[in-house]
Number of protein chains: 2
Amino acid sequence: MEDKLTRIKQLLSSQRFKLTPQRQATVQVLLEHQEDHLSAEDVYLLVKDKAPEIGLATVYRTLELLTELEIVHKMNFGDGVTRYDLRRDEDASHIHHHLVCMNCGAVQEIDYLLQDVEKIVEETFDFSIMDVRLTFQGICSKCKTDPVVQEKYFKHPHHL
Amino acid sequence: MEDKLTRIKQLLSSQRFKLTPQRQATVQVLLEHQEDHLSAEDVYLLVKDKAPEIGLATVYRTLELLTELEIVHKMNFGDGVTRYDLRRDEDASHIHHHLVCMNCGAVQEIDYLLQDVEKIVEETFDFSIMDVRLTFQGICSKCKTDPVVQEKYFKHPHHL
DNA sequence: TTCATTGCAAATCGTTTGCATGAGG
DNA sequence: CCTCATGCAAACGATTTGCAATGAA
């Protein structure tokens, strides 16, 4: 992980960007929450613990910068908030799929299956894929046991 | 298509909702643009031709209502705008995938492949899928011939 | 009359921007 | 000094909401 921070610092300075305390704090928060999918607001609140004086705008600017450098990944589950993620590594970049529970909001990654599908799409449509976002929305196994959830999602026929 | 309008009217009235002129105009716009992926604003402008007095809020409310009734499909390509689509038909509901060109913004549907993947996900994760959103972002065959596009997306190694 | 529905304007929410200040080379 | 980066507050764009007016059952 120090590894990663060092690499990021190099990447920044190679393009004349500085690893300021605010940026470092932001990266650290992302490193500590690799499994989560934090919104800018989430990141902001977490960074405030490390650097209380930071402004929300700086967090947005930092996340935007890191996105341009392809260090973080910007995503969007349709709930009106953009979420950010450290990228795993350099090239297997465009594999990033999720199970989103419509009840509890839990997000689980499923970063495999699908290489074949990508290949077919590229060939069939002569389309150069730069990024793939596959999101399954549904009910996770935990929520499935909740009677309220069952009533809401499983009882009614969807089209009367 | 009259077919479809009638069915929608039935669906509405079965739940004590009325097919007001505004709602009808909105549905008609959606029917006339089944291939597009219109934003609320787009729909609003198109509906204004048919019913100039309509308000944007009503369009939003109508689209929300139609979404709840599973008549339209709400989606999101990460550009900060929600887009809406008439659903094709009743049950093969959750198959709705897209190729989005990062250059010209063209959206092409690829509503097949993937049934197997869905099945695997359901079983592997004990996850009940209610909706799937698969988006490939990349460069379409048309844009690929543009030298500016080539320079921007295909020349530079992504990580120096 | 009653209740859903509407148009309008104001409010809200996430995000971006302008600007004056501050820190580092 | 010069530039980049910051914090703050204002601006912004998409969407939602409050409310009084409308209109069909």
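**Figure 1. Polar contacts to DNA strand D in the predicted model.** The side chain of A:Gln22 places an N or O atom 2.8 Å from a sugar or linking oxygen of DNA strand D. Two further contacts involve phosphate oxygens of this strand. In one, a polar backbone atom of A:Glu53 lies 3.0 Å from a phosphate oxygen. In the other, the distance is 2.9 Å, and the partner is an N or O atom in the side chain of B:Thr82.

**Figure 2. Protein surface near DNA strand D.** The strand is surrounded by 18 residues, of which A:Thr20, A:Gln22, A:Thr58, A:Arg61 and B:Tyr60 are the closest. By class, seven of the surface residues are nonpolar, six are polar and five are charged. At least two residues each come from helix H2 (21-32) of chain A, helix H4 (56-68) of chain A and helix H4 (56-68) of chain B. H4(B) supplies the largest share, with four residues. On the DNA side, sugar or phosphate accounts for 72% of the strand D atoms within 4 Å of the protein, and bases account for the rest.

**Figure 3. Helix H2 of chain B.** This helix covers residues 21-32, twelve in number. From the first C-alpha to the last, H2(B) reaches 16 Å, close to the 16 Å expected at 1.5 Å a residue. The buried residues in H2(B) are B:Ala25, B:Thr26, B:Val27, B:Val29, B:Leu30 and B:Leu31. An α-helix has 3.6 residues a turn, so residues three or four places apart point the same way.

**Figure 4. Loop residues with positive phi.** A:Glu70 sits in the loop between H4 and strand S2 (72-76) of chain A. Its phi is near 60 degrees, a positive value in a residue other than glycine. In chain B, B:Asp126 belongs to the loop between helix H5 (115-125) and strand S6 (128-139). B:Asp126 is likewise not a glycine, and has a positive phi of about 50 degrees. B:Asp126 counts as partly exposed because its relative accessibility is 40%, a value between the limits of 20% for buried and 50% for exposed.

**Figure 5. Fold of chain A.** Six helices and six strands make up the elements of chain A. Read from the N terminus, their order is α-α-β-α-α-β-β-β-β-α-β-α. Chain A has 160 residues, and 45% of them count as buried. Among contacts between residues at least 6 apart in sequence, 47% join residues at least 24 apart. The accessible surface of chain A is about 8700 Å², with 51% belonging to carbon and sulfur atoms.

Conventions
Residues are numbered from 1 along each chain as its sequence is written. Chains are lettered from A and ligands numbered from 1 in the order in which they are written. This is a predicted model: local features need pLDDT of at least 70, side-chain atom pairs count only at pLDDT 80 or more; totals for chains, interfaces and linings use all residues. Side-chain values use heavy atoms; hydrogens and water are left out. A residue is near a molecule or strand if one of its heavy atoms lies within 4 Å of it. A polar contact is a pair of N or O atoms within 3.5 Å; within protein, one must be able to donate a hydrogen and the other to accept it, and residues adjacent in sequence count only if both atoms are side-chain atoms. Ala, Val, Leu, Ile, Met, Phe, Trp, Tyr, Cys and Pro count as nonpolar, Asp, Glu, Lys and Arg as charged, and the others, Gly among them, as polar. The expected span of a helix is 1.5 Å times one less than its number of residues. Buried means under 20% relative accessible area, exposed over 50%, partly exposed in between (1.4 Å probe, protein chains only). Contact means heavy atoms within 4.5 Å. Accessible areas come from the Shrake-Rupley method with a 1.4 Å probe; for residues, only the protein chains shown count as cover.
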